[in-house]
Amino acid sequence: MEIFGIPLAAFLGQLLLGLVNGSFYAMLSLGLAVIFGLLNVINFAHGALYMMGAFLAWMGLQYFGISYWVMLLLAPLMIALFGMVIERSMLRWLYQLDHLYGLLLTFGITLIIEGVFRSFYGVSGQPFAVPPQLAGATDLGFMMLPIYRAWVVVASLVVCLATWFVIEKTRLGAYLRAGTENPRMVEAFGINVPLMVTLTYGFGVALAAFAGVLAAPVLQVSPLMGSNLIVTIFAVVVIGGMGSILGSIVTGLALGVIEGLTKVFYPELSSTVVFIIMAIVLLVRPAGLFGREK
Amino acid sequence: MSRKLGYTAVLLGLLIAPFALYPVLLMKILCFALFACAFNLLIGFTGLLSFGHAAFFGGAAYITGHALKMWGLPFELGILIGTLFAALVGWVIGGLAIRRQGIYFTMITLALAQMLFFVFLQAPFTGGEDGLQSIPRGYLLGVIDLRNDLTMYYVVLAIMVLSFALIVRVIHSPFGQVLKAVRENEPRATSLGYEVARYKLLAFVLSAALAGLAGSVKAVVLGFGTLTDVHWSMSGLVVLMTLVGGMGTLFGPVLGAIIIIALENKLGDVGAWLAQVTAVEWFNTLGESVTMITGLIFVICVLAFRRGIIGELAARIR
């Protein structure tokens, strides 16, 4: 069977790979959006923290024999702690200033993190085996489905939707949304906003680390994996606009799929297609697909 | 009066500098100084943070290199084509980016510049990962041989001084004053009747063209164009130069460029010296950890030192 002259199995394989990448886009842009909503900081270090998540999983297995499943929980927690230290010790001092300084600071942090990992591990990738429970593929009749890839898509969707549920439907999320609208008013109601800010940053970067651990067996674990991704994520965020949680998730997934399909039909464009879409969206709808014009 | 004296002293220093220091390093510093000044025109005097200036710098370097090497164009035309290319790309990127404000503007410039990076990575004429090698210097106006480093140095110096004078002129012109008004309060500038978008775009194109000029000259001086020059880390480096020297000051970016380039060139030596003094083996690898050190300077500058060196000095004197 063929679609537009492409064998169906190859087509579906790329589609799945696109969904996998789209899940990473969704989780990272979601974290960026949550952080930006409350802190007004564009967290450039998001990519570096995603890379650290992947590296923690690799190091856990390599040096201590800790399994993938434990690291899937442990790495996000460790990165959340690390992120909260960054927020308390550095980011905190910049809230009164122009938003650009937050970006510049996190850019500097990115360079430091990347530099440290590069000085220890070089730029080449470290292979990371798929956990045995998820190895192999099942035959669906029309295609072979690699189980791990399916797991990545499902796990990220669950995490993204859980995040959406917490923010939109629970009391905690209501505080967060109120804090995004008017932090002073929320503080006046007796809610500890600075603590909320710290926890939000921690949660946002934990999402990045979770994506990193999920990515470790799919992509090679390398110090540069985050910085290659973050610029694409920025384009995703510009396309979607940071106004809506579901918007971030949908945009991320959709762009991953579009990128995957471009790889099938016109490989030369696959690395630039996201940016081209961004340019078109800017021309047609500058606020982004789900954004609000301020 | 004292300002004129200062300018004369700096110029005299630059004229005799190649007799004391390695001319190629000096030329490299001059190119980066112009690059940083061009960037500063945007962040310091218009309030727009572009994170995509590597596209203009490195892109122009490729175009100039290709024009000189493959088309055999003379020096002047090659530089001109590179600069025009940068202006054109600046017009497109700037035109798209000014549709959003603040932090979004920055992200858009970064993303579009990254797109150009991929284009150059795949384009056959750039040589991909190897870069564009052995660009000939040729002759200025068909007679002056530029293969001599000293001759080349004075040509580069003349280009840089003229460009710097142009920047100073622009800043003090009525146009520059409108840019300042945009930086301080965009809605107010709009309500005073200025077409803010047009002023921003013009500033962006001017900044891109000057960054391109710097990149073109650098390609000719060093004889190669590489992917490093179009990578986003180069955009970050020029932000750092401007930040260290002082955003919105005339000489800050120049000083920042000197410091950062010197640091890049000398960090290995410093590391070796530290290793010798402290007997810690790790310092020997310091030369390879330039990213780490630049990141550290970034963090320190943003947290404690936002006015930069010249900005701090000016504040003290006042």
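In the predicted model, the contact between helices α3(B) and α10(B) is formed by B:His53, B:Ala54, B:Phe57 and B:Gly58 on the side of α3(B), which meet B:Trp232, B:Met234, B:Ser235 and B:Val238 on the side of α10(B). Sorted by class, the residues of this contact comprise five nonpolar and three polar residues, with no charged residue among them. Helix α3 of chain B covers residues 53–69 and helix α10 of chain B covers residues 232–245, and the two pack with their axes 7 Å apart at an angle of about 110 degrees. Because angles of 65 to 115 degrees count as roughly perpendicular, α3(B) and α10(B) are described as roughly perpendicular to each other. The crossing of these two helices, α3(B) and α10(B), is right-handed.

A second helix pair was examined in chain A, where helix α2 (residues 46–64) and helix α3 (residues 68–89) pack at an angle of about 135 degrees, their axes being 9 Å apart. This angle lies in none of the ranges set for roughly parallel, roughly antiparallel or roughly perpendicular pairs, and α2(A) and α3(A) are therefore oblique to each other. The crossing of α2(A) and α3(A) is right-handed. From α2(A), the residues that take part include A:Leu49, A:Met52, A:Leu56 and A:Leu61, while those from α3(A) include A:Tyr68, A:Met71, A:Leu74 and A:Ile79. In terms of class, the contact of α2(A) with α3(A) contains 12 nonpolar residues, three polar residues and no charged residues.

Turning to chain A as a whole, its secondary structure consists of 11 helices and four strands. The C-alpha trace of chain A extends over about 65 × 50 × 35 Å along its principal axes. For 294 residues, a compact globule would be expected to have a radius of gyration near 19 Å, and the value of 19 Å found for chain A agrees with this. Of the 294 residues in chain A, 48% are buried. Among the contacts in chain A with a separation of 6 or more, 77% join residues that are 24 or more positions apart.

Between the two chains, 33 residues of chain A are in contact with 34 residues of chain B. On the side of chain A that touches chain B, at least two residues are supplied by each of α4 (99–121), α9 (225–240) and α11 (273–284). The greatest contribution to this side comes from α4(A), with 17 residues. By class, the side of chain A that touches chain B is made up of 23 nonpolar, seven polar and three charged residues.

One residue of helix α4 of chain A is A:Gly108. With 27 other C-beta atoms within 10 Å, A:Gly108 is buried, since the cut-off for this class is 20 or more. When neighbours within four places in sequence are left aside, A:Gly108 is in contact with B:Gly295, B:Phe298, B:Val299 and B:Val302. By contrast, A:Gly108 and A:Trp69, which are 39 residues apart along the chain, have their C-alpha atoms separated by 32 Å.

A further residue, A:Ile258, is placed in helix α10 of chain A, which runs over residues 245–265. There are 16 other C-beta atoms within 10 Å of A:Ile258, and this residue is therefore partly exposed. Computed from C-alpha to C-alpha in the model, A:Ile258 and A:Ser270 lie 8.8 Å apart in space, and they are 12 residues apart in sequence.

Conventions:
Residues are numbered from 1 along each chain as its sequence is written. Chains are lettered from A and ligands numbered from 1 in the order in which they are written. This is a predicted model: local features need pLDDT of at least 70, side-chain atom pairs count only at pLDDT 80 or more; totals for chains, interfaces and linings use all residues. The radius of gyration is taken over C-alpha atoms; the globule rule is 2.2 Å times the number of residues to the power 0.38. A residue is buried if 20 or more other C-beta atoms lie within 10 Å of its own, exposed if 12 or fewer, and partly exposed in between; C-beta atoms are placed from the backbone. Two residues are in contact if their C-beta atoms, placed from the backbone, lie within 7 Å. Ala, Val, Leu, Ile, Met, Phe, Trp, Tyr, Cys and Pro count as nonpolar, Asp, Glu, Lys and Arg as charged, and the others, Gly among them, as polar. Axes are lines fitted to C-alpha atoms, for helices over the stretch in contact, and angles run from 0 to 180 degrees between N-to-C directions. Angles under 35 degrees count as roughly parallel, over 145 as roughly antiparallel, 65 to 115 as roughly perpendicular and the rest as oblique. A crossing is left-handed if the near helix is turned anticlockwise from the far one by less than a right angle, and right-handed if clockwise.
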